[in-house]
Amino acid sequence: MLETLLPILIFAALGLAVIGAWRRVRLWRQGRPSAVPLLKGLAAMPRRYLVDLHHVVGRDKVMSNTHVATAGGFVAAAVLMILVHGLGLAQGVLGWLLLAASATMFVGSLFVARRRRNPPARLSKGPWMRLPKSLMAFSLSVFAITLPAVGLLPADFGHWLLALLLAAVVVWGLGEMVFGMTWGGPMKHAFAGALHLAFHRRAERFGEGNRSTGLKALDLDDEAAPLGVETPSDFTWNQLLGFDACVQCGRCEAVCPAFAAGQPLNPKKLIQDMVVGLAGGSDAAYAGSPYPGKPVGEHFGSPHGPIVAREGKALVDAETLWSCTTCRACVEECPMMIEHVDAIVDMRRHLTLEHGNTPNKGAEVLDNLIATDNPGGFDPGSRLHWAADLNLPLMADVKQAEVLLWLGDGAFDMRNQRTLRALVKVLRAAEVEFAVLGNEERDSGDVARRLGDEATFQSLAKRNIATLAQYRFQRIVTCDPHSFHVLGNEYGELGGNYEVRHHSTFIAELYDAGRLAFAPWKGGNVTYHDPCYLGRYNGEYEAPRNVLKALGIEVKEMERSGFRSRCCGGGGGAPITDIPGERRIPDMRMNDVKETGAELVAVGCPQCTAMLEGVVDATAEVRDIAELVADALVARPAAGATHRPQAEEVI
């Protein structure tokens, strides 16, 4: 009886899955065109899945092994089931391989069941709670129906009632694992996720050591192109595909600083809202953590309806988008490699460019950038007032230099001026030939771009590029990771390609080259805060620590450090939009510092310095790496010396 039923059930499920796949593809194709290499992407998919995706999944060894057993067992069992029971090819080794694959899948499903017994808050519940049972039903039923096929049980084993029971369980398993994969359900990510990896919007992310974090430019000369994203259909089709690939694991939710602070943002919920908009309907069926302070079931959307409504209900409230610090913690942790930050900035672009709807001080800052080329609205001619006694060489005078020192808009901030003076002292101690643009330097455009004002960003960038084209230099050095990122990763699309160094990297290089010598550290315990735009955006974690090590400092690492560092709350224009929450992000970061017992927190970013020094009752002093290095400078050893002697401090 099973010999007759099984091929019918298997091919019926496959047929329905193909129909569902076509429906899902039509949903994705509602988005704007995006050119992708179809065959190349499909060919690259196995490596991207087995290597790049599992590099992220592998951070949790238990879940990584669970996923290998469950997903690997399912893929193998599904293919072998078609061959053995669909096409009747049970002879030889195929049947035994099917037994092994289904048994492996069952073992994996046991770990999934244990995970779901008392799931962490970040995991979605609802339909996901039935997933362990569905996995077990599929694996056990496939294992049972294969036993007679390999001769371990008689071919006519059992009564017809047993055959019907097994067929019912097979239907259950096929319904969830095959039919549900394309029609919607907990296994939907398996289908959408595979294609998302093949046709990823940032294919350059894949490959060992590869990184792609720069925002993509809008074509402002194309009058037909939308200015940002107003409706779900304004996203590119492969962005919509990426949203649909979300597995609802909540790893993004667990690391989001805005969510932890009680601001109305949950990156997982945001992606699921985009999926609701993709198909149309309400978020009432969402079974995960809501936006803090915003109940589920009150948001509605459609493919061509507004994501953020100026009046009435919509998919997302504007303050949700403005809560994001663009720290990329969500992107770094996402096992499906979804680009949350790109989507948020795309939606901000529409609010800013089309409606001028930037909250709190956002409009004032953008007006200042347009009028004075800096967000504070300061007199552009005062950019070098802090250095009146330093006699800094100007590029306009020298025309060329080994290093162009990019000051950034910290040049207008009294606190960051101390960092800049320290950096100048270090460069002179190392006898670096450097110069500054002075009053020719404009804001890099980072704040304008994160706030969605692509037009102002491109205006600033193009004028900076034109200025830099007049001079010759080997590299740009800056103590601002935001400028470092924009100059190095986002100007290239507009014609400005430069070798850019963060000052911590450059100082490490100078020390390794023997151009700097330090007195041993005599202070207290020190921890280090990784700036998001230096670490997650650009992968630089070691150089700052190497500098601290060279100073004789043993860093007491915070629990969240390196690629999992907690954001200070200063990126993405968050201090400007200032969306209220239950607590402040920098306060949480200072609590992380307090837990280490450190008396000093070393930083490498003016935004981080400002945010952490703004914490009331902070237990640790905040100092930039350049300041620590400048204080420790001693005269370099004579040529031919075999060690770095302690000598007089360099003034």
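## Exercises on a predicted model

Of the 651 residues in this protein, 56% count as buried. The model is a predicted one.

**Exercise 1. Judge the overall dimensions: what radius of gyration does the protein have, and what would a compact globule have?**

Step 1. Take the chain length: 651 residues.
Step 2. For that length, a compact globule would have a radius of gyration near 26 Å.
Step 3. The protein has 28 Å, which agrees.
Step 4. Add the extents. Along its principal axes, the C-alpha trace spans about 95 × 60 × 45 Å.

**Exercise 2. Describe the fold in numbers: how many helices and strands are there, and what share of contacts joins residues at least 24 apart?**

Step 1. Count the elements. There are 26 helices and 11 strands.
Step 2. Restrict the contacts to residues at least 6 apart in sequence.
Step 3. Of these contacts, 76% join residues at least 24 apart.

**Exercise 3. Characterise surface and charge: what part of the accessible surface belongs to carbon and sulfur atoms, and how far apart are the mean charge positions?**

Step 1. The accessible surface comes to about 27100 Å².
Step 2. Carbon and sulfur atoms hold 56% of that surface.
Step 3. Now the charges: 65 are positive and 70 negative.
Step 4. Their mean positions lie 6 Å apart.

**Exercise 4. Place T70: is T70 buried or exposed, and which residues is T70 in contact with beyond its sequence neighbours?**

Step 1. Locate the residue. T70 sits in helix α3, residues 61-86.
Step 2. Its relative accessible area is 10%. The cut-off for buried is under 20%. T70 is therefore buried.
Step 3. Set aside neighbours within four places in sequence. T70 then contacts M105, G108, S109, V112 and L135.
Step 4. Look at the side chain. One of its polar atoms lies 2.8 Å from the backbone oxygen of T66.
Step 5. Check a separation. T70 and G126 are 56 residues apart in sequence, and their C-alpha atoms are 20 Å apart in space.

**Exercise 5. Do the same for T456: in which helix is T456, and how far is T456 from A137 in sequence and in space?**

Step 1. T456 belongs to helix α19, which covers residues 454-468.
Step 2. Relative accessibility is 8%, so T456 counts as buried.
Step 3. Beyond neighbours within four places in sequence, T456 is in contact with L369, I370 and A448.
Step 4. In sequence, T456 and A137 are 319 residues apart. In space, the C-alpha to C-alpha distance between T456 and A137 is 57 Å.

Terms used: Residues numbered from 1 in each chain as written. Predicted model: local features only at pLDDT ≥ 70, side-chain atom pairs only at ≥ 80, totals over all residues. Heavy atoms only, no water. Helix = DSSP H or I, 4+ residues; strand = E, 2+ residues; numbered from the N terminus. Rg over C-alpha atoms; globule rule 2.2 N^0.38 Å. Buried < 20%, exposed > 50% of the residue type's maximum accessible area, 1.4 Å probe, protein only. Contact = heavy atoms within 4.5 Å. Areas by Shrake-Rupley, 256 points an atom, 1.4 Å probe, with all protein chains shown as cover. Lys, Arg positive; Asp, Glu negative; His and termini not counted. Charge placed at Lys NZ, Arg CZ, Asp CG, Glu CD. Polar contact = N/O pair within 3.5 Å; in protein donor to acceptor, adjacent residues only side chain to side chain.
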